[in-house]
Amino acid sequence: MKNVFILGLTDFQAGELQTVRGAENYTFHSLLDYDRLVGAQDIDFHGLLEAARQQLRDFDGSVDAIVSHWDFPTSVIGPILAKEYGIAAPTLESVLKCEHKYWSRLEQQASIPEVVPQFASFDPFDDGALQQIDIPFPFWVKPVKAHSSNLGFEIRSEEDFNDAIRQIRAEIEQVGDAFNEVLKMVDLPPELQNAGGNTCLAEQFVSGTQAAPEGTMFHGSYNAHGVFDMHKDAAGTSFERLDYPANSVPEPVQQRMIELAERYLRHVGFDNGCFNAEFMWDQAEDQLWLIEVNTRISQSHSDLFAKVDGVSNHEVAIDIALGVEPTMPHRKGEFAVASQCMVFHDEDAIVTRVPDEQDVARLAKQIPHANFTRQVQVGDRLSELPNQDSYRYAVGILYLGADDRDQLVERYNAAVEALPFEFEAVPAA
C-alpha cells in the first residue's frame, strides 16, 4: 500500500479519488484540513508549512506521494514538502515563475511573446500609480497573486481605477504578505526586486473565447490530456461554467494552445508536475492570448474527467509523485460531456436558507450522477466570504454529465430550479 497525501482533501474529492485506477493499492490522507488551508481569510504561510511538516513527521508510515490541487498557498507548499521527502515535483522557482503574475508575464514575453498582452506592474499604494500605466482604457488590474478573480477589476476610467485601488489596498496583504514569505525562498531576478507580493499588474483588455488545456511534464516528456471550455457570464467578468471536452475552439487552435504551453513550461524549467493553461482566442483576428498558467491539476476538472474519461485527474498527479509515467484513459466514462457550473448570487446579502441533505439527495435522484457542493452556510454575509471574485458571489457548485450539450443545459436549468437558496438584504449602515 502506498500512502498518498492530498493537501486540503474534501469529502467530495475523496469520492473522486476512488475512480483512480489501482485505488485499492493506495491509502489516501488529507494533509491539513480544507478550512485551515483553503478557507482562511488570512494566510499564515510558515504556520501552515510547519503544521504540514509536523503531520508528516507524526505519521507512522511511509510518505509516498504528495498531491496539490488548490491555489496558493497549497500550490507551493506541495512542491516544498515533496522536495524534503524526495518525491518528484517541480522546483519552487519554476512554480513561482508561473504563480507570480508579473514574473510570469516577463518569462512569457521572453519565450512566447506573440500571445502576451500589453502589461505593466505598479504599486497600489502609490498615489501616482495610474500615471505610470501606459495602457489605454479599458484594462484589467489584479494583484500579482490572488485567489481566482478576487481583487481583479476591469478599469474603464480614472474613477474605476480609484475605486479598485481602495479595495485592493484594504485586502491585498491577506495573500500578498504570505506570498512575500515564499519569494524569500528563491533568488529573484533584478526586475522583481521591487515587485513583491503586494504589487499589482495592469493588463491590456482582451476578449474572445476562453479554453484551457491541462496536462503533465514528466522527466522532460510533455503531454496534454484534455482541453476545457471556460464560459464566462454575459458581463464577461465571472466564470459561469467549465465544459469538457472543449468544443468552442477548433481543434487546430486547441493544438496551438497546447504547443504554446509546452514552449513556456520548458522555458521556465517546469518538470515532474501537472499544469493547466488558460487562453483566450480572438476568432476575428485568429489571435491567441495567454491568460495564465497554473502549476497543478485543477480540482475543478477532477469530476469532469471522471464523468467523461472514467478517472479523476488525480491519477496523473499520483503517478508523477510515485515516479510512474502518467497516463489518462480517453472517453471511458459514462457521459459524452460534463460541466462544472457555478451557482451565483449577484448582490451582497445574508444567506437565510441553503439546500439541505434531502434537497441534494433529491437532485441526485432527479439527475443521474449530479453532484452539488455548497459554498455558503446560513448566516453568512456574501461580501465577507474568502476567495470570492470581485463582481459576483458563488454560493454553490454543480457537477453534471450528459449525453450531449443540449441535455447538459436542460439538466443545469433543472438543477438550479431544484436548489432552494434564500437570501435577505444587508441592513443599511
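Aromatic pairs in this predicted model number 16. One of them joins Phe45 and Phe72, whose ring centres are 6.3 Å apart and whose planes meet at 10°, so this pair is stacked. The cut-offs behind that reading are ring centres within 6.5 Å for a pair and planes under 30 degrees apart for stacking. The two residues come from distant parts of the chain, 27 residues apart. Phe45 belongs to helix H3 (residues 45–58), while Phe72 sits in the loop between strand E3 (65–67) and helix H4 (74–84). Both ends of the pair can be placed by accessibility. Phe45 has a relative accessible area of 2% and is buried. Phe72 is buried as well, with a value of 1%. The pair also belongs to a wider group, since Phe45, Phe72 and Phe179 form one aromatic cluster.

Another stacked pair is made by Trp140 and Phe205, with 5.8 Å from centre to centre and 15° between the planes. Trp140 is in strand E5 (residues 139–143) and Phe205 is in the loop between strand E7 (200–204) and strand E8 (209–218), so the contact ties together parts that are 65 residues apart in sequence. The accessibility of the two partners falls into separate classes. Trp140, at a relative accessible area of 15%, is buried, because the limit for that class is under 20%. Phe205, at 28%, is partly exposed. The ring of Phe205 has a further neighbour: Arg156 lies over its face, 5.7 Å from the ring centre.

The loop that holds Phe72 has a second feature. Phe72 and Pro73 are joined by a cis peptide bond, with omega at about 10°. Pro73, too, is placed in the loop between E3 and H4. The stacked ring of Phe72 is thus carried by a residue that takes part in a cis peptide bond. Another cis bond runs from Tyr244 to Pro245, where omega is near -5°. Pro245 is found in the loop between strand E10 (239–244) and helix H9 (251–267).

E3 and H4 appear again around the internal space of the model. The count of cavities of 30 Å³ or more comes to one. The volume of the largest cavity is about 210 Å³. Its lining is made up of 19 residues, and those nearest its centre are Ile66, Ser68, Pro90, Gly273 and Cys274. Two or more lining residues are given by each of E3, H4, strand E11 (273–282) and helix H11 (314–321). H4 supplies the largest share, four residues. In chemical character, the lining divides into twelve nonpolar residues, six polar and one charged.

Cys274, one of the residues nearest the centre of that cavity, also enters the account of the cysteines. A search of the whole structure finds zero disulfides. Cys98 is in no disulfide, and the nearest cysteine sulfur, that of Cys274, is 13 Å away. A disulfide would require the two sulfur atoms to lie within 2.5 Å. Cys98 counts as buried, at 5% relative accessibility. Cys341 is likewise buried, with a relative accessible area of 2%.

Backbone geometry singles out two histidines. His219 is not a glycine, yet has a positive phi of about 50°. This residue is found in the loop between E8 and strand E9 (221–232). With 57% relative accessibility, His219 counts as exposed, because that class begins over 50%. His369 also has a positive phi, near 60°. Its place is the loop between helix H12 (357–366) and strand E15 (371–374). His369 is partly exposed, with a relative accessible area of 46%.

Strand E15 leads to a last residue, Asn371. Asn371 is partly exposed, at a relative accessible area of 23%. From Asn371 to Arg241 the separation is 130 residues in sequence and 14 Å in space, taken C-alpha to C-alpha.

Definitions and conventions. Residues numbered from 1 in each chain as written. Predicted model: local features only at pLDDT ≥ 70, side-chain atom pairs only at ≥ 80, totals over all residues. Heavy atoms only, no water. Phe/Tyr/Trp six-rings, centres within 6.5 Å; stacked < 30°, edge-to-face > 60°. Buried < 20%, exposed > 50% of the residue type's maximum accessible area, 1.4 Å probe, protein only. Lys NZ or Arg CZ within 6 Å of the ring centre and 35° of its normal. 1 Å grid on protein atoms, 1.4 Å probe; cavity = no way out; pocket = protein on both sides within 12 Å on 5 of 7 lines; lining within 4 Å. Points joined across faces, edges and corners; volume = space filled by probe spheres on them. Nonpolar A, V, L, I, M, F, W, Y, C, P; charged D, E, K, R; others polar.
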